[in-house]
Amino acid sequence: MTSTIIRPGLGHMPGGDSGDFTPNGGRVPRLSGDIRHLIPKLGLREYWYPLVGANRVPKKKSMRVRMLGEDLCVFKGQGKIYALTDICPHRGARLSEGDCHYDGTISCPYHGWVFDGEGRNVAVLSEGPNSIVCGKPGTEARAYPTQVLKGVVFVWMGDGEPAPIEEDVPEEFFIPGSHIFFNEHIFWRTNWEVALENSMDSHVQYLHRDNLQALLGGDGASPGGGSSGMRPIFTGTGFQGGGQQANRGRNNRGGNNTRQQQLMPGQAANNIVNGRAVYPEGWKWPKHRFRSNWRQIFGPFMYMLQVRTPQMTQEWKWTGGHRLPGIFGGASTTPPPPKTGFPLFRAIGQQGGSGLYGIYRRQVVAVDEWTTRVWYHHGTLPRNKLELLWFAFVYFSWGRWTSEYNFSQQDMSVMMHQVYDAPEKLSGTDAEVVAWRKLVVTKHFGGRNFPYAYENPEGLPAPELPATVMVSTRSSNGNGNGHTNGNGHS
Ligand code: FES
Ligand SMILES: [Fe+2]
């Protein structure tokens, strides 16, 4: 099916089934060199995105939500939540400024055209029941399919038929008994892609070294400890944190280092003495050992603050890593060990995980070219109401602040002023960023179902994938423009 769809502010766009919607006639440009200019500035369209928390949608009124460069009018009725384009087809007034006089409808504030949840014009209040324009072709407001999962409204703004929502929304949203704590209130003044590239590289070890979680609960400053992006494993919709995969069955521990060093191909093990890297000049990093001392003291408390999380059945797809259309998962999905005995005694001597709350996912949604909404979803699996209360207390008193503000504001502080179009010289630890950009450009130009060919570096085994997921073994392209080769390795 091919049709022409008018999208407010964006002119005429060719439309069709989700796999067919392609801005370049389905031709994917050559994926070599610097491809940042090929990344769609308002994100990929043919995917489900979080729209708003369901309980924020008012009764009898509507609200405006801007995303992917468009304004949506969101309202409730007949037990559902609807999203229409926020432009009245009559003369362009804003539907979101209107009222819901009749259940399941929104009335435009200007001449009172009334629209139902499907966008049909069902009445014209200023002209009466015998209005001759009412319901005529062309009087529809464009409606976007929505679905509510665990208190979050998701929306499909693609031009094609909606894809199965399970492909785009993390598995914990479908697990019975799971509870998702989420935060929809954070906006970053940067582009969505810039916001999302801030993951699966080596920045955690430096930028977040003085994050409170790193100071108190984990080792945040050892070189190589968190650079999981150098060995990305393609999963069909994104990349797993490859570091853990690469280290399976290997012994990368060197010297007195208490953490695994993740090394680039050809790189010798760093000289680590007592948890600190020693440079030829005698410099030591981190400069002090106070982090590890504090960790001994605060580790048990951090352990006590861990919450039970659901277990993914699709580990290959939903463990930590990058996922289309713009999700980064930063935490293990494995539940902590069963808690027995008095909590304080049980915690003594324990160290507290990554410190990020629950199954931590950050999802970016382009608002405009230089504004990004950053959603945080935290999957938990409370066993009963009392445990849910405890989880909520931990989240609202500590987990939200530390994960989403203290930790993430460090990211934002850098990205806001990053010169994204400057030439780059990438390192091996940027390999995943390079692979991710190729994936985004492939899906943007080729369509949602266009196969993405990727060679897992170093011949690492791909995770077990469904037969429909393509993992190619062909070689990567070389390139120029000051970039490293196709996998980002120097
Ligand atoms: S502009 Fe909406 S009813 Fe006239
Ligand atoms: Fe970060």
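This is a short talk on a few local features of one chain, its main nonpolar core and one bent helix.

Okay, so keep in mind that what you have on screen is a predicted model. I'll start with the hairpin, then go to the core, the helix and a couple of cis prolines.

So, β4 and β5. The strand β5 covers residues 70–77, and β4 and β5 pair in the antiparallel sense over six bridges. If you want to get the register in your head, find S62, which stands opposite F75 in β5. The turn of this hairpin has two residues between the strands, and L68 takes a positive phi there, near 50°.

That's a good excuse to bring up backbone angles. As a reminder, most residues other than glycine have a negative phi, and most peptide bonds are trans. Where else do we run into a positive phi? Have a look at K60, which isn't a glycine and still has a phi of about 70°. K60 is in the loop between β3 and β4. Buried or exposed, then, for K60? K60 is exposed, because its count is 11 other C-beta atoms within 10 Å, and the cut-off for exposed is 12 or fewer.

Q78 is another one: not a glycine, and a positive phi of about 50°. You'll find Q78 in the loop between β5 and β6, with β6 running 80–85. Q78 counts as exposed too, because there are 10 other C-beta atoms within 10 Å.

While we're in that β3 to β4 loop, P58 is there as well, between β3 (48–53) and β4 (62–67). P58 has 12 other C-beta atoms within 10 Å, so we call it exposed. Follow P58 across to K76: they're 18 residues apart in sequence, but C-alpha to C-alpha the gap is 7.2 Å.

Right, the core. The largest nonpolar core has 57 residues, and the members touching the most others are L51, M67, V74 and L84. Which strand gives the most to this core? That's β21, residues 359–368, with six residues. And where does the core sit? Domain 1 (50–154) and domain 2 (188–415) both give residues to it, so it lies between them.

Let's zoom in on V74. Ignoring its neighbours within four places in sequence, V74 is in contact with L51, V52, V57, S62, M63, V65, I81 and A83. There's also a second, separate core of 16 residues, and M230, I233, A431 and V434 are among its members.

Now the helix. α8 runs over residues 385–415, so that's 31 residues by its record of length, yet its end C-alpha atoms are only 40 Å apart, where a straight helix would reach 45 Å at 1.5 Å a residue. What's going on along the way? α8 bends by about 50° at G399. G399 is also one of the buried residues of α8, and others on that list include F391, Y395, F407 and D411.

Last stop, the cis peptide bonds. W285 to P286 is cis, with omega near -5°, and P286 is in the loop between β18 (284–285) and α5 (290–304). L324 to P325 is cis as well, with omega near 5°. P325 is in the loop between β19 (321–323) and β20 (327–329).

That's my tour, thanks.

How values were computed: Residues numbered from 1 in each chain as written. Chains lettered and ligands numbered in written order. Predicted model: local features only at pLDDT ≥ 70, side-chain atom pairs only at ≥ 80, totals over all residues. Helix = DSSP H or I, 4+ residues; strand = E, 2+ residues; numbered from the N terminus. Buried ≥ 20, exposed ≤ 12 C-beta atoms within 10 Å, placed from the backbone. Bend = angle between axes of the 7 residues up to and from the residue. Pairing = 2+ DSSP bridges. Core = buried A, V, L, I, M, F, W, Y, C linked by C-beta atoms within 7 Å. Domains from an automatic or database assignment. Contact = placed C-beta atoms within 7 Å.
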